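Work through the exercises below with the sequence and the structure side by side. Try each task before reading its solution.

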Amino acid sequence: MVVSIILIIVGFILLIKGADFLVDGASNIAQKFHIPEIIIGLTIVSIGTSMPELVVSVNSALHGHSDIAIGNVVGSNLANVMLILGLCAAIKPLLMKKQSRIFESPMALFATVMFFIMCNTGKENIETVSRAEGFILLICCVLFIVYNIIMAKRGEAFDKEEGAEEQVSHEIMPTWKSLLFVVIGIVALKFGGDLVVDNSVNIATLLNISETLISLTIVAISTSLPELITSVTATIKGETDMAIGNILGSQLFNILLIIGTSAVLSPITYKTSYNTEMMLLVIASLFLVICPYIGHKNHLGRWQGVIYVLSYFAYMVRLVYMNIA
């Protein structure tokens, strides 16, 4: 157990330093090529930090463990929106720019609702995400990437509005060095996340905690650690656009890319016991769409972030109680 604890500490160090490298490299790329940081967050950062979910879900689908593939994505998205975005907003109110309010937040809500409908429809009373539905999700993923390319070409003109925060200025580093920082950051996040997940499960097993509880709590949160550390680091550094982009991009890629790929490789059988989590995810996504229009205009405020975090912990307490009782 001592070795596992030491490896967990090493994992967190890799996560923290990896997040620093990824945020610095990505923000320099954004500044050098005049690409909005929200776009960098929605693409490079979110895909990089979604790698743990992609590996876990695809491997689970290939080995016939559909419940793990679904549970991993639903649990990670709940952690992304409620825990991570909530923590970031509690640290510093997050400006939801016009692009995020009009496009990305509604896209995330639409993808979540579409996913929910797909999961609860099937043939012969068996709920599945079929190969055809997987292809639909992958097509939507391609359209989302095309949207990001279009918005990147438009630069920051779309978001120039009164009260908008200026992009944080950095000393511009060479492009090769920025790309190297991004690669080092993603690799460090991957290995750091693996160390934390594997050794957390080892400790939980030694303490005789059930596998169900481990998968719903430790694994779900641990696979979201790259998003957590990266988004909090970005928020502390004033890169709030990147923090928001990372969460919204991860939420979309988790559904469109990861579930889409998993379903195409092997149709995913869905257990209706996940409907509680799915409904909670729909409500959390809807709340994110509404938030900029209540309270502090165009912001996800501290009190809204606190609501997210408290709701997430209430959900976790319920999970523990349901699995122990």
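## Overview

The protein chain has 12 helices and four strands; these are DSSP runs numbered from the N terminus, helices being H or I of at least four residues and strands E of at least two. The model is predicted: local features need pLDDT of at least 70, side-chain atom pairs count only at pLDDT 80 or more, and totals for chains, interfaces and linings use all residues. Residues are numbered from 1 along each chain as its sequence is written, and side-chain values use heavy atoms, with hydrogens and water left out.

## Exercise 1

Classify N80 and S311 as buried, partly exposed or exposed.

**Solution.**
- Start with the cut-offs: buried means under 20% relative accessible area, exposed over 50%, and partly exposed in between (1.4 Å probe, protein chains only).
- N80 lies in helix α4 (residues 66–91). Its relative accessibility is 0%, so N80 is buried.
- List the contacts of N80, meaning heavy atoms within 4.5 Å. Not counting residues up to four places away in sequence, N80 touches L85, S224, E227, I247, S250, Q251 and N254.
- S311 sits in helix α12 (residues 302–324). Its relative accessibility is 31%, so S311 is partly exposed.

## Exercise 2

Find the salt bridge and describe its partners.

**Solution.**
- Apply the criterion: a side-chain nitrogen of Lys or Arg within 4 Å of a carboxyl oxygen of Asp or Glu.
- The structure holds one such pair. D241 and K97 meet through their side chains, at 3.1 Å from N to O.
- Place the partners. D241 is in helix α10 (residues 240–265), while K97 is in the loop between β1 (94–95) and α5; they are 144 residues apart, so the pair links distant parts of the chain.
- Check burial: D241 and K97 are both buried.

## Exercise 3

Compare the span of helix α5 with its expected value, then locate its kink.

**Solution.**
- Helix α5 (residues 98–119) has 22 residues.
- The expected span is 1.5 Å times one less than the number of residues. For α5 that is 32 Å.
- From first C-alpha to last, α5 reaches 31 Å, close to expectation.
- The bend at a residue is the angle between axes fitted to the seven residues ending there and the seven starting there. In α5, a kink of about 30° lies at E104, shortly before the proline P106.

Terms used. Contact means heavy atoms within 4.5 Å.
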